[in-house]
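Visitor: Could you take me through one spot in this structure up close? I'd like the surroundings of a single side chain, and then a word on the cysteines.

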Amino acid sequence: MTVEELSKTNKILIIRLSSLGDILLTTPFIRAIKKQFPDINIDMLIREEYADVLKFNPYVEKKLLFKKDDKSNSVLIEQLRDNNYELVIDLQNNLRSKKVVSTLNIKNVKFDKRSFDKFLLVKFKINKLKEAPQIPVRYSQTIHNLTMDEQGLDLFTDKSANTELLGKNNLIGFCPGARHFTKRWPKEYFIELGNKLVQNGYTIVLFGGKIDKEICSQLTNDIPGSINLSNDDELLQTTTDMILCKTVVCNDSGLMHTASSTGTKVIAIFGSTVKEFGFAPYNRSNLILENNSLTCRPCSHIGRSDCPKKHFDCMKSIKPELVFEKLKLF
């Protein structure tokens with residue numbers, strides 16, 4: 001679809017059902033449409049657990065929530081027919097989103113996931129993604145000649161900063177969690193880096209959601225003076241608190257994109273995944289640390305439960321001393 005065709009549209013539905021980072025990466029695209037065509041009403045269909053990502057986003061008219069049970073979703077999909085959409089932009093492009101698109105039976109465009117190119121890179125290390133732009137730009141390419149700005153990701157919050165952080169300087173955020181094992185920098189490395197930073201006058205702030213509470217608790221016990229702000233997936237509170245950090249050190253995770261949305265400097269440590277997939281931090285203040293000498297990387301485009309080679313060198317070779325030195329210069 002061209003920009004000229006889009007300009008004649010009054011109401012559109014954008015679909016992106018997962019996950020936290022993926023939805024955050026849609027926000028520059030949404031902003032670009034709304035700023036160029038203020039009269040277009042944009043609704044967005046997302047999974048209910050990620051509602052906070054768009055809760056206060058001024059560029060989205062309605063936030064429609066995809067449930068976990070199929071019965072509720074069938075009712076929702078039928079209701080979408082009454083919204084008189086003229087265009088569906090399917091950024092998910094899977095069986096569930098295709099069902100929505102086919103039910104609405106209107107003009108639609110789909111995001112090219114380049115699944116075969118990802119397969120070639122993971123299985124045969126044939127890299128056709130070297131020149132591929134980051135995901136927000138690739139989302140925007142569903143509309144030919146749409147102009148993107150350089151303002152990064154949007155995540156609007158109404159929360160006040162945690163009182164434990166007020167009056168403290170030299171805060172460094174740690175996000176030690178990730179859904180998959182091969183995307184997690186070793187716990188002991190975070191502890192070693194944290195202690196080195198404490199010795200140099202910094203205070204460590206630990207961020208995480210429900211699945212990260214255990215590791216955040218462990219790090220708190222081993223890093224003197226650290227502040228554990230892991231919570232029950234209270235995304236907007238985490239976002240506000242990250243703003244106070246000088247830098248956030250994180251894995252390739254949803255909270256990496258959350259940190260990017262705040263404009264805070266981000267040091268991201270990549271293990272089994274690579275930035276060529278397009279999911280690197282989308283802001284100008286970021287540094288990616290990865291071992292590009294390993295012939296086994298990437299072993300997955302989403303992460304794995306264990307290292308298939310059993311050595312886990314992609315993460316173990318990135319030593320705390322290296323991260324500390326990079327952080328001092330960053």
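Guide: Here is a close look at one lysine, followed by the cysteines. Bear in mind that this is a predicted model, where local features need pLDDT of at least 70, side-chain atom pairs count only at pLDDT 80 or more, and totals for chains, interfaces and linings use all residues. Numbering runs from 1 along each chain as its sequence is written, and side-chain values use heavy atoms, with hydrogens and water left out.

So, K34: you'll find K34 in helix α3, residues 27-36 (helices are DSSP runs of H or I, at least four residues, numbered from the N terminus). K34 is buried, meaning under 20% relative accessible area with a 1.4 Å probe, protein chains only. Even so, K34 has no salt bridge, and the nearest side chain of opposite charge, E61, sits 5.2 Å away; a salt bridge needs a side-chain nitrogen of Lys or Arg within 4 Å of a carboxyl oxygen of Asp or Glu. What the K34 side chain does reach is backbone oxygen: that of P38 at 3.0 Å and that of I40 at 2.6 Å. Leaving out residues up to four places away in sequence, K34 touches I40, N41, I42 and Y59, with contact taken as heavy atoms within 4.5 Å.

Now the cysteines. With a disulfide defined as a pair of cysteine sulfur atoms within 2.5 Å, the count is zero. C216 is in none, as the nearest cysteine sulfur, that of C175, is 7.9 Å away; C216 is buried, at 0% relative accessible area. The C314 sulfur is 6.2 Å from the closest cysteine sulfur, in C307, too far for a bond, and C314 is buried too, at 8%.

Terms used: Buried < 20%, exposed > 50% of the residue type's maximum accessible area, 1.4 Å probe, protein only. Helix = DSSP H or I, 4+ residues; strand = E, 2+ residues; numbered from the N terminus. Lys, Arg positive; Asp, Glu negative; His and termini not counted. Polar contact = N/O pair within 3.5 Å; in protein donor to acceptor, adjacent residues only side chain to side chain.
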